[in-house]
Amino acid sequence: MSIYVVGAYSTEFIGKFHPRFIWKGHPDYGKRENPTLEEYILEAVEGVLREAQLEVEQVERGYVGNFAGELFASQGHLGALLAQYPGLARRPFMRVEGACASGGLAVMAAIEALRSGSANVVLVVGAEVQTTVNAKQGADYLARAAHYATQRSLDPFTFPCLFARRTKAVLEETPTTFEDLALVVEKAYRNANLNPKAHMHTVKVSREDALASGESNPFFLTHPEYKSYLKVKDCSQVSDGASALILANERGMEQLRRTPQVQMVGWAYLSSPLKEASDPLRLETTYFAAKEAYQMAGISPKEVQVAEVHDCFSVSELLMYEALQFADFGEGYRLIREGKTALGGALPVNPGGGLLAFGHPVGATGVKQVAEIARQMLGKCGKYQISPLPKYGIAANMGGDDRTAVVSILARLE
Ligand code: CAA
């Protein structure tokens with residue numbers, strides 16, 4: 001059973017430093033609130049239905065990807081929240097959770113429903129609101145994506161520390177330099193500056209800014225061994241936002257009388273033991289998931305023309321190049337140095353700004369990645385549109401420290 005993308009939509013991703021985000025320095029501080037998790041979910045549904053030109057009655061099933069609604073927004077039970085959308089009551093909806101891969105797993109759940117024939121037209125929403133608490137409290141919530149009992153004590157910022165550990169290993173064991181990581185950050189912000197929905201749309205960060213530590217880019221970890229390997233600008237954003245997709249199988253496409261334009265041609269999701277220490281030099285779970293996805297799609301990594309990768313930290317992007325086999329292990333740095341993954345390069349990666357600068361509302365990210373590839377294939381990306389339209393694209397979404405990996409391959413149909 002073939003699977004097609006019928007519609008793709010993202011809300012704005014916002015948070016600290018976004019002009020519309022209300023925080024201490026904003027003129028509306030204390031008078032107005034930022035949008036809630038509920039509002040983001042409902043906005044994403046409205047947006048994707050409009051984008052797909054679908055009537056609400058045509059949605060047969062739905063999945064919501066979300067990591068920690070209970071903690072950040074005091075709200076769980078998000079399947080029923082989705083059913084609040086006018087016309088969506090009493091549908092088979094559920095929430096899917098897999099840390100920062102929650103969105104990717106929601107896409108996988110939708111695909112499985114479509115393949116089994118239990119539904120023909122499925123709605124997928126990914127959403128997270130994280131700015132309700134300060135970054136340090138948020139880091140404690142996010143640490144639940146690691147093995148909390150054994151890893152929480154690593155550093156007040158557990159995840160940044162886990163990836164500072166990877167950064168140290170990569171810098172010591174491969175020719176990768178701090179300059180290469182600064183190039184990753186510079187590319188992310190440059191791309192986001194072209195993307196009106198990006199959290200960091202108006203924030204400029206040069207290679208020099210990313211490289212230098214200072215008041216706006218401090219080393220903020222306390223761990224004595226890893227502290228000097230990660231600065232604020234190496235980190236993805238604490239963002240609010242939601243993304244949504246409408247997926248259909250062949251029967252669904254007939255029901256909707258649509259001509260297929262974008263097909264999901266390969267996918268895989270894998271989990272590795274949460275407590276087990278990962279090889280800091282490799283994203284192995286992602287590597288094996290990508291291998292399965294390439295095999296299913298019947299394409300080689302060389303055929304990919306656009307990628308959305310989980311750049312939760314600057315080093316993650318380089319490790320993703322290797323896990324997706326764009327480069328040999330230890331050689332991801334070459335691609336960023338050569339400009340191959342820049343917007344105008346041979347293989348643009350994260351053309352909308354990635355997690356570093358488009359933002360990372362964690363439950364939304366995996367849905368957004370697939371949405372972005374589809375939008376690139378449909379020529380809908382405005383100033384960050386790739387030309388010519390890509391034929392094959394890949395999305396790689398990661399939960400925890402490479403403990404869950406979701407990889408999807410999409411194809412544009414001629
Ligand atoms: N000098 C020294 N220390 C400083 C400093 C300075 N000039 N400025 C800030 N700090 C330190 C302080 O400790 C500060 O905390 P307190 O003020 O509470 O003591 C801390 O840095 C954070 O500073 P801010 O609150 O000003 O930081 P911010 O709000 O701008 O956030 C960030 C910056 C901490 C990097 C934040 O963006 C962040 O946490 N990003 C990463 C988010 C994350 O980890 N996401 C998950 C990725 S992992 C993944 O994707 C997989 C999964 O499943 C989870």
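Contact here means heavy atoms within 4.5 Å. The model is predicted: local features need pLDDT of at least 70 and side-chain atom pairs count only at pLDDT 80 or more, while totals for chains, interfaces and linings use all residues. Residues are numbered from 1 along each chain as its sequence is written, and side-chain values use heavy atoms, with hydrogens and water left out.

**Figure 1. Surroundings of Phe326 in the largest nonpolar core.** Phe326 touches Tyr294, Pro301, Val304, Ala307, Tyr321, Leu335, Leu347 and Ile394, residues up to four places away in sequence not being counted. The core comprises 81 residues, and those with the most contacts inside it are Phe163, Tyr294, Leu324, Phe326, Ile394 and Ile409. Helix H8, residues 178-192, gives the most to this core, with eight residues. A nonpolar core is a set of buried Ala, Val, Leu, Ile, Met, Phe, Trp, Tyr and Cys residues joined through side-chain atoms within 4.5 Å. Buried means under 20% relative accessible area, exposed over 50%, and partly exposed in between (1.4 Å probe, protein chains only).

**Figure 2. The whole protein, for orientation.** The protein contains 15 helices and nine strands; helices (H or I, at least four residues) and strands (E, at least two) are DSSP runs, numbered from the N terminus. A compact globule of 414 residues would have a radius of gyration near 22 Å, and the 20 Å of the protein agrees with this. That radius is taken over C-alpha atoms, and the globule rule is 2.2 Å times the number of residues to the power 0.38. The C-alpha trace spans about 60 × 50 × 40 Å along its principal axes. Of the 414 residues, 61% count as buried. Among contacts with a separation of 6 or more, 76% are between residues 24 or more positions apart. The accessible surface comes to about 15,900 Å², with 50% belonging to carbon and sulfur atoms; areas come from the Shrake-Rupley method with a 1.4 Å probe, and for residues only the protein chains shown count as cover.

**Figure 3. Helix H12 and the residue Gln325.** Helix H12 covers residues 314-323, and 10 of its 10 residues are buried. The buried set includes the polar or charged side chains of Ser314, Ser316, Glu317 and Glu322. Also buried in H12 are Val315, Leu318, Leu319, Met320, Tyr321 and Ala323. Tyr321 is in addition one of the residues touched by Phe326. Just after H12, Gln325 takes a positive phi of about 65 degrees.

**Figure 4. Ala99 in the loop between strand S3 and helix H4.** The loop lies between S3 (93-96) and H4 (102-116). Phi of Ala99 is near 55 degrees, a positive value in a residue other than glycine. Ala99 counts as buried because its relative accessibility is 8%. Leaving out residues up to four places away in sequence, Ala99 touches Phe67, Ala145, Gly399 and Gly400. Leu270 is 171 residues from Ala99 along the chain, and their C-alpha atoms are separated by 13 Å.

**Figure 5. Ala113 in helix H4.** Ala113 is buried, with a relative accessible area of 6%. Its contacts, neighbours within four places in sequence aside, are Arg61, Tyr63, Ser118 and Ala119. The C-alpha atoms of Ala113 and Gly62 are separated by 9.7 Å, and the two residues are 51 apart along the chain.

**Figure 6. Two exposed loop residues, Ser74 and Arg90.** Ser74 is found between helix H2 (69-73) and helix H3 (78-82), and its relative accessibility is 66%. Ser74 and Leu37 are 37 residues apart in sequence, with 9.6 Å from C-alpha to C-alpha. Arg90 is placed in the loop between H3 and S3. Arg90 has 79% relative accessibility and so counts as exposed. Its phi is positive, about 55 degrees, although Arg90 is not a glycine.

**Figure 7. The cis peptide bond between Ser387 and Pro388.** Omega of this bond is about -5 degrees. Pro388 is located in the loop between helix H15 (362-377) and strand S8 (392-399).
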